[in-house]
Amino acid sequence: MLETLGLLANGFTIVFEPQNLALIIAGCALGLFIGAMPGLGSVNGVAILLPLTFLVPPTGAVIFLAAIYYGAMYGGAISSIMLGIPGASTAVATTFDGRPLAKLGMADKALTAAAVASFVGGSISVVLFTFFAPPLAHVALVFGSPETFALMMLAFATFIGLGGDDIFKTLFSICIGLVLSAVGFDIISGEPRLILWDITGFLHGVNFLVLAIGIYGIGEMIWTVEEHNLGGGKSMLSEATVTVKRTIANLRELLSSWRATVMGSFLGYFVGILPAAGATPGSLMAYGIAKQISKNPEEFGKGALEGVCAPEAANNAASTGSMLPMLTLGIPGSPTTAILLGGMVIWGLEPGPRLFIDHSEFVWGLIASLYAANLFAVIIMLIFIPVFIKILKTPFTILAPIIFILCLIGGYAPTQSMHDVWLMVVFGIVGYLMRKLDYPLAPAVLAIVLGPLAEPALRQSLLISDGEFSIFFTRIYAGPIMVTAIILLFLPVLKIGYDKFRHRPA
Amino acid sequence: MIKSRRSFTKLVCIIGASAILAGLPAIGQAWEPIKPVEFVVMAGKGGGADKAVRLLQNIIASENMAPVPFTPINKPGGSGAEALVHLNDKKGDNHTIMFTLNSFYTTPLRQPKLGIDITTFTPVARMAEDTFLLWVNTDRKDINNVADFVKAAKAKGNQWIMAGTGKNSEDNLLTDFLNKAYGLNMKYVPYKGGGKVAKELAGNNADSTVNNPSEQLGFYEAGVTKALAAFTPVRLPLFPDAPTFRELDKDFVYFMQRTVVGAPGMSPEAAHYYKDLFTEVFNSDKWQQYRTKKSLQGGLLTDHHLMEYWKIERDIHEVMLRNMGAIK
């Protein structure tokens with residue numbers, strides 16, 4: 001413990017060098033902006049700026065990139081809340097309730113909640129990272145396919161178990177997402193599959209952001225246009241003004257969401273450390289569970305503050321968490337850490353169990369910089385909230401075309417193919433129709449994120465066990481997770497039965 | 001302190017300078033790219049190929065070898081099919097190059113519908129050949145050589161798990177070889193990417209792998225995994241204790257190419273430019289260091305030498321795939 005604190009103190013002396021401090025602040029601000037631009041998530045930001053980092057020493061470089069990563073986690077919430085377009089894949093869950101809050105004229109409240117929850121998530125996770133890195137690295141290492149599949153089941157269960165929605169419509173939505181997630185290339189058989197109409201664009205699969213921006217960004221816009229009946233020049237928002245008094249009131253109200261925030265922080269961190277999972281599944285799962293444990297689950301999707309806090313806390317916590325397998329195992333925990341890993345190669349560092357020993361200055365400088373980046377990002381974001389609100393007051397007739405263009409850029413950016421842009425427009429229309437027919441869209445998004453993780457894990461497990469499903473129950477980590485998932489899955493059914501029993505006519 | 005502050009100023013300057021430079025036209029007689037060069041990666045972000053491309057991009061930019069930036073674009077779809085189709089569609093384009101692997105041979109063979117003829121592509125430079133070794137976890141105290149390995153794998157029959165990248169991939173070819181050569185019945189379980197495969201072995205979720213050195217290096221250096229034998233003609237300097245399969249009387253050698261290829265029908269001047277550029281990159285200290293560190297083999301190969309190499313390798317892969325039953 002003391003030794004860890006000593007190393008951390010060393011890390012802080014590195015962080016407080018003026019140059020590194022400047023890099024953190026610049027990185028946070030840049031990340032915030034990148035994260036707020038639809039489609040330009042932390043992955044793109046880090047990839048674009050990676051070539052610049054060879055000008056500073058590796059520690060400075062990783063600090064800069066980590067600050068961008070962190071800033072982008074904060075920034076992702078901005079366009080999710082204000083425009084209803086997920087700024088980054090990690091911020092999709094934030095649109096579920098952040099957007100309705102903004103429409104109720106409480107965009108400032110949602111943004112404050114996102115900033116504070118992100119800060120809490122980031123802080124809790126970085127403390128966990130500091131003190132429990134080696135044992136958690138071991139968990140990440142032994143976490144194989146059966147464990148991954150059990151965890152994915154748990155994620156699905158939290159969503160199906162969300163009371164309120166029509167369970168069959170939820171299942172239908174999940175199935176659509178799963179089918180879309182299966183498009184592209186099947187690594188188990190080594191064959192392309194579901195290449196619809198032989199269009200080569202489907203070879204790279206259906207990018208999750210294309211679906212998310214399509215149904216949330218474009219679909220949302222069609223919806224708003226209809227709702228406002230093309231109301232000429234009418235502002236999309238009611239009177240959201242920012243005053244100090246209001247901000248303090250917002251902060252006070254946030255206290256009631258502490259459970260969701262803390263839960264999101266821990267969950268996000270643990271999901272984040274699992275190789276290949278990353279912040280997006282973490283934040284979606286946190287949203288699902290927040291709804292389960294909430295006292296007012298019926299408010300979710302209509303503007304529940306907890307629905308903003310949980311995923312925002314989780315995605316920041318997960319972004320810290322995903323650094324762990326990157327540093328200790330050389331396995332990226334998320335797409336962004338995959339790029340960072342490439343950076344480490346350029347800087348001549350070999351990630352792996354020995355990195356903490358051989359390059360302790362690099363590792364602890366990075367960890368200490370996460371503390372600092374977290375603090376700066378929340379300050380920058382809180383300061384800029386009034387500016388964001390100003391933007392929102394732009395008349396809808398002006399804002400709508402801008403949002404539309406941002407959506408198109410966002411759809412194009414990840415793969416740089418026009419195919420995805422068209423696909424996104426199609427998803428926007430389909431998403432709008434599904435919404436008209438009262439189909440929940442979040443489960444489809446969840447499915448397309450988790451499908452590509454769950455499916456190979458399932459097939460790998462069954463390959464190993466010769467088709468025996470017992471493999472999911474007999475292993476030390478997989479077993480309890482799977483049982484929890486099954487209980488959660490049947491919870492709504494039990495609830496319905498119990499309610500019927502209670503309200504039986506006397 | 002002073003040094004680091006200066007480098008920070010340099011960073012700021014370069015951001016500005018590169019923005020200005022990108023707008024300037026090329027000066028001089030010989031052909032030079034006039035807009036950013038698209039550097040297609042036939043694999044996903046974070047994999048071995050992607051890391052190599054980002055290093056190449058870094059060398060070109062930091063040594064000012066080219067007047068324009070080289071921008072990596074990942075097209076991992078369909079085991080490289082997406083990237084191949086993309087490059088094929090760029091016929092005659094002088095600003096698109098690709099970093100390629102062995103799926104360059106296998107994917108067009110397995111998916112003839114794509115209509116890809118790799119001999120129409122423009123050879124630029126083979127930068128290296130990656131090697132393969134047979135790995136087990138160091139927890140297996142009973143396995144210290146290939147003979148032990150064969151004994152243990154035989155005892156477990158098809159419960160012995162060999163983790164590898166996708167089906168019919170390089171790892172699968174090597175597993176097939178081992179099964180045949182030693183009369184084994186190992187179960188091949190595909191994972192996404194070599195890094196994931198290496199981790200499955202380190203976490204004891206698999207019994208053995210045939211990773212590249214770069215994928216196992218972290219675990220190897222930490223003493224978590226050990227190499228039993230190499231699929232190379234001679235022993236690798238990094239792993240002097242691992243004999244080659246040739247030494248063990250099984251004549252099997254297998255490499256993974258790391259090659260830069262240009263779009264089909266690229267102008268001869270442009271092809272010449274890229275050849276010179278990547279020759280310079282090949283000879284740079286950074287690339288040579290990377291080669292040593294990752295235990296890469298295979299010298300520089302350009303022009304018709306590279307094309308001949310492709311043809312030979314394609315024929316070898318065709319035979320291998322046919323023997324596996326992956327193609328008819």
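Which residues form a nonpolar patch on the surface, and what accessible area do they have together? I was working from a predicted model, and I noted that the patch consists of Phe473(A), Val483(A), Ile486(A), Ile487(A), Leu489(A), Phe490(A), Leu491(A), Val493(A) and Leu494(A), with about 770 Å² of accessible area together.

I then looked up one member of this patch, Leu491(A), and found its place in helix H21 of chain A, which covers residues 478-502. The relative accessible area of Leu491(A) is 31%, and I entered the residue as partly exposed because that class lies between the limits of 20% for buried and 50% for exposed.

Next I turned to a buried element in chain B. For helix H4 (residues 103-110) of chain B I found that 8 of the 8 residues are buried, so the helix is largely enclosed by the rest of the structure. The buried residues of H4(B) are Ser103(B), Phe104(B), Tyr105(B), Thr106(B), Thr107(B), Pro108(B), Leu109(B) and Arg110(B). When I asked what covers them, I found that the cover includes strand E2 (191-193) of chain A, and that chain B contributes helix H3 (81-89), strand E3 (96-100), helix H6 (170-182), strand E10 (256-262) and helix H11 (303-324).

I also checked Ser145(A), which lies in helix H7 (residues 145-160) of chain A. Ser145(A) counts as buried because its relative accessibility is 4%, and the class takes in values under 20%. Leaving aside residues up to four places away in sequence, I found that Ser145(A) touches Ala457(A), Gln460(A) and Ser461(A), together with Tyr191(B) from chain B. Ser461(A) is 316 residues from Ser145(A) in sequence, yet their C-alpha atoms are 5.6 Å apart in space.

Finally, I looked at two helix pairs in chain A. Helix H5 (residues 92-103) and helix H13 (residues 306-321) of chain A pack at an angle of about 145°, with their axes 8 Å apart, and I noted the crossing of H5(A) and H13(A) as left-handed. On the H5(A) side the contact involves Ala93(A), Thr94(A), Asp97(A), Gly98(A) and Leu101(A), which meet Gly307(A), Val308(A), Pro311(A) and Glu312(A) in H13(A).

For helix H11 (residues 258-273) and helix H12 (residues 279-293) of chain A, I found axes that come within 9 Å and cross at roughly 145°, and the crossing of H11(A) and H12(A) is right-handed. Among the residues making this contact are Met263(A), Gly264(A) and Leu267(A) of H11(A), and Met285(A), Ala286(A) and Ile289(A) of H12(A).

Methods. Residues are numbered from 1 along each chain as its sequence is written. Chains are lettered from A and ligands numbered from 1 in the order in which they are written. This is a predicted model: local features need pLDDT of at least 70, side-chain atom pairs count only at pLDDT 80 or more; totals for chains, interfaces and linings use all residues. Side-chain values use heavy atoms; hydrogens and water are left out. Patches are made of residues with over 30% relative accessible area and no salt bridge: like charges are joined within 9 Å, nonpolar side chains (Val, Leu, Ile, Met, Phe, Trp, Tyr) within 5 Å. Accessible areas come from the Shrake-Rupley method with a 1.4 Å probe; for residues, only the protein chains shown count as cover. A salt bridge is a side-chain nitrogen of Lys or Arg within 4 Å of a carboxyl oxygen of Asp or Glu. Helices (H or I, at least four residues) and strands (E, at least two) are DSSP runs, numbered from the N terminus. Buried means under 20% relative accessible area, exposed over 50%, partly exposed in between (1.4 Å probe, protein chains only). Axes are lines fitted to C-alpha atoms, for helices over the stretch in contact, and angles run from 0 to 180 degrees between N-to-C directions. A crossing is left-handed if the near helix is turned anticlockwise from the far one by less than a right angle, and right-handed if clockwise. Contact means heavy atoms within 4.5 Å.
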